[in-house]
Amino acid sequence: MKRALTLFLSLTGAASATPVGHAKVLDLIGTAQTRVLLYAPQVTDAVLADALRLKAMEGVPTYLVTVPYFSYQPGSLVNGLALAGAKVFEADINSVEAVLIVDDKVFTGRTFGKTNAPLQYLGNSPAVTNKQVKWFEAAARTARPLSAWNAAQRLWSLQK
């Protein structure tokens, strides 16, 4: 019985998340059609930031929620994303786990945004996607938007 339950859970994807490589996730961001939503406490991964920037410039809704402390740091790429047209929000969220939603696919990763470590694919079922989207919307509602003007001022002050 226990073996049958384990087999059932693994076939339905409920047993555990599936690891997905960084390059594959970047490819998915590159082919996104409807949305890219990212919560990451810190974004210093230049390849990820470039993929997000391109999506924002293509007109695909690209939203980022991040922690304000990290966006003031010299290595942060969040300000450049705000200048490129991504909708950036800052909130003091007590979570180190990054959450990425590309179209309806949900990923999580502890170091996503900082390193190119693999992420965990949670699936694209409506229940999983809606739960994460609702969390993201609630976080964005309580967050402070980062305007292009404020991002430019920060970048200017970091160069002094």
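Biologist: Which residues have the most contacts inside the largest nonpolar core?

Modeller: Bear in mind that this is a predicted model, where local features need pLDDT of at least 70, side-chain atom pairs count only at pLDDT 80 or more, and totals for chains, interfaces and linings use all residues. Numbering runs from 1 along each chain as its sequence is written, and side-chain values use heavy atoms, leaving out hydrogens and water. A nonpolar core is a set of buried Ala, Val, Leu, Ile, Met, Phe, Trp, Tyr and Cys residues joined through side-chain atoms within 4.5 Å; buried means under 20% relative accessible area, exposed over 50%, and partly exposed in between (1.4 Å probe, protein chains only). The largest core holds 29 residues, and those with the most contacts (heavy atoms within 4.5 Å) inside it are Val 25, Ile 29, Leu 38, Val 88, Leu 100 and Phe 112.

Biologist: Which element gives the largest share of this core?

Modeller: Helices (H or I, at least four residues) and strands (E, at least two) are DSSP runs, numbered from the N terminus. At least two core residues each come from H2 (22-30), S2 (36-39), H3 (46-58), H5 (78-84) and S5 (98-102). The largest share is 5 residues, supplied by H3.

Biologist: How many residues make up the second core?

Modeller: This core is separate, and its members include Tyr 39, Ile 101, Val 133 and Ala 143. In soluble globular proteins, nonpolar side chains tend to be buried together. The count for the second core is 13 residues.

Biologist: Where on helix H6 do the buried residues lie?

Modeller: The buried residues of H6 (126-141) are Thr 129, Gln 132, Val 133, Phe 136, Ala 139 and Ala 140. On the other side, Pro 126, Ala 127, Lys 131, Lys 134 and Arg 141 are exposed. Looking down the axis, the buried residues fall within an arc of 125° (taken from the directions from the helix axis to the C-beta atoms), so they line one face of the helix.

Biologist: And which strands do those buried H6 residues pack against?

Modeller: Two of the partners, S2 and S5, also feed the largest core. The list also has S3 (62-66), S4 (87-90) and S6 (105-109). In order, then, the strands packed against H6 are S2, S3, S4, S5 and S6.

Biologist: Is Glu 90 buried or exposed, and which side chains make polar contacts with its side chain?

Modeller: Glu 90 sits in strand S4 and is buried, with a relative accessible area of 4%. A polar contact is a pair of N or O atoms within 3.5 Å; within protein, one must be able to donate a hydrogen and the other to accept it, and residues adjacent in sequence count only if both atoms are side-chain atoms. The Glu 90 side chain has one such contact at 2.4 Å with Ser 71 and another, at 2.5 Å, with Arg 154.

Biologist: What separates the C-alpha atoms of His 22 and Pro 118?

Modeller: His 22 is found in H2 and counts as buried at 9% relative accessibility. Beyond residues up to four places away in sequence, His 22 touches Asp 45, Phe 112, Thr 115, Asn 116, Ala 117 and Pro 118. His 22 and Pro 118 are 96 residues apart along the chain, yet their C-alpha separation is 5.1 Å.

Biologist: What is phi of Asp 103?

Modeller: Asp 103 lies in the loop between S5 and S6, and at 16% relative accessibility it counts as buried. Most residues other than glycine have a negative phi. Asp 103 has a positive value, near 55°.

Note on methods:
The expected span of a helix is 1.5 Å times one less than its number of residues.
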